[in-house]
Amino acid sequence: MRRLTCLAIATLSLFAATEANAQFANKSLGIAPGYMRMNADPTVDWAIPLSLEGSLYIENGFDLVIRVAPMLLTEKLQGRQLFGANFALGFRYLLSEEQIRPYLGLNIAGLYIDRANDKGYG
């Protein structure tokens with residue numbers, strides 16, 4: 001009798017179950033080291049950024065993204081180290097929400113280079 005009751009409960013639960021839905025996390029944090037060559041600035045040669053990124057899934061495939069990347073920059077002429085930071089705020093549309101998540105995005109970004117101790121560069 002006990003076995004029949006367990007079998008009946010298992011069978012009924014199979015018929016009463018609804019479909020499974022998987023959802024990715026609504027918030028994410030990421031960190032990424034990198035290397036950057038600075039061709040646009042005549043005084044800075046290269047940089048090593050450490051990118052910190054956060055995203056918030058809004059709805060229907062849209063993400064709100066913020067990125068802050070403090071970096072060490074190397075001056076071309078004297079080889080001195082400077083401090084800089086890259087800031088970006090934007091959104092992206094996820095084309096697919098499966099394991100590989102390609103997206104199209106739009107960012108508003110800026111680059112700050114601290115030249116407070118520079119002598120000779122305006």
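Here are a few exercises on this predicted model, each with a worked solution.

Residues are numbered from 1 along each chain as its sequence is written, and side-chain values use heavy atoms, with hydrogens and water left out. Because this is a predicted model, local features need pLDDT of at least 70 and side-chain atom pairs count only at pLDDT 80 or more, while totals for chains, interfaces and linings use all residues.

**Exercise 1: the overall layout**

Work out which helices and strands the protein has, and in what order.

Step 1. Start with the terms: helices (H or I, at least four residues) and strands (E, at least two) are DSSP runs, numbered from the N terminus.

Step 2. Count them up, and you get one helix and six strands.

Step 3. Now read along the sequence: the pattern is α-β-β-β-β-β-β.

Step 4. For burial, take buried as under 20% relative accessible area, exposed as over 50%, and partly exposed as in between (1.4 Å probe, protein chains only). By that yardstick, 22% of the 122 residues count as buried.

**Exercise 2: pairing around E5**

Find the strands that pair with E5, and say in which sense they run.

Step 1. Strands pair if DSSP finds at least two bridges between them.

Step 2. Take E4 (residues 62-75) and E5 (residues 81-94): they're antiparallel, with 13 bridges. Along this pairing, isoleucine 66 faces leucine 89 in E5.

Step 3. Look at the turn of this hairpin, where five residues sit between the strands and glycine 79 has a positive phi near 75°.

Step 4. Move on to E6 (residues 103-114), which is also joined to E5 in the antiparallel sense, by 12 bridges. Here alanine 88 is opposite alanine 109 in E6.

**Exercise 3: salt bridges**

Track down the salt bridges of arginine 67 and arginine 80, and check whether their partners are buried or partly exposed.

Step 1. A salt bridge needs a side-chain nitrogen of Lys or Arg within 4 Å of a carboxyl oxygen of Asp or Glu. The structure has five of them.

Step 2. Arginine 67 meets glutamate 53, at 2.8 Å from N to O. This pair links distant parts of the chain, with arginine 67 in strand E4 and glutamate 53 in strand E3 (residues 44-59), 14 residues apart.

Step 3. Glutamate 53 is partly exposed at 22% relative accessibility, and arginine 67 is partly exposed at 26%.

Step 4. Arginine 80 pairs with glutamate 75 at 3.0 Å, N to O. Glutamate 75 counts as buried, at 2%, whereas arginine 80 is partly exposed at 29%.

Step 5. Zoom out a little: Glu53, Asp63, Arg67 and Arg92 are linked in a salt-bridge network.

**Exercise 4: aromatic rings**

Describe the ring pairs that phenylalanine 62 makes with phenylalanine 91 and tyrosine 93.

Step 1. Rings of Phe, Tyr and Trp (its six-membered ring) pair if their centres lie within 6.5 Å; planes under 30 degrees apart are stacked, over 60 edge-to-face, and the rest tilted. The whole structure has three such pairs.

Step 2. With phenylalanine 91, the centres are 6.4 Å apart and the planes meet at 50°, so the pair is tilted. Phenylalanine 62 is in E4 and phenylalanine 91 in E5, so the pair ties together parts 29 residues apart in sequence.

Step 3. With tyrosine 93, the pair is tilted too: 5.0 Å centre to centre and 50° between the planes.

Step 4. Put them together, and Phe62, Phe91 and Tyr93 make up one aromatic cluster.
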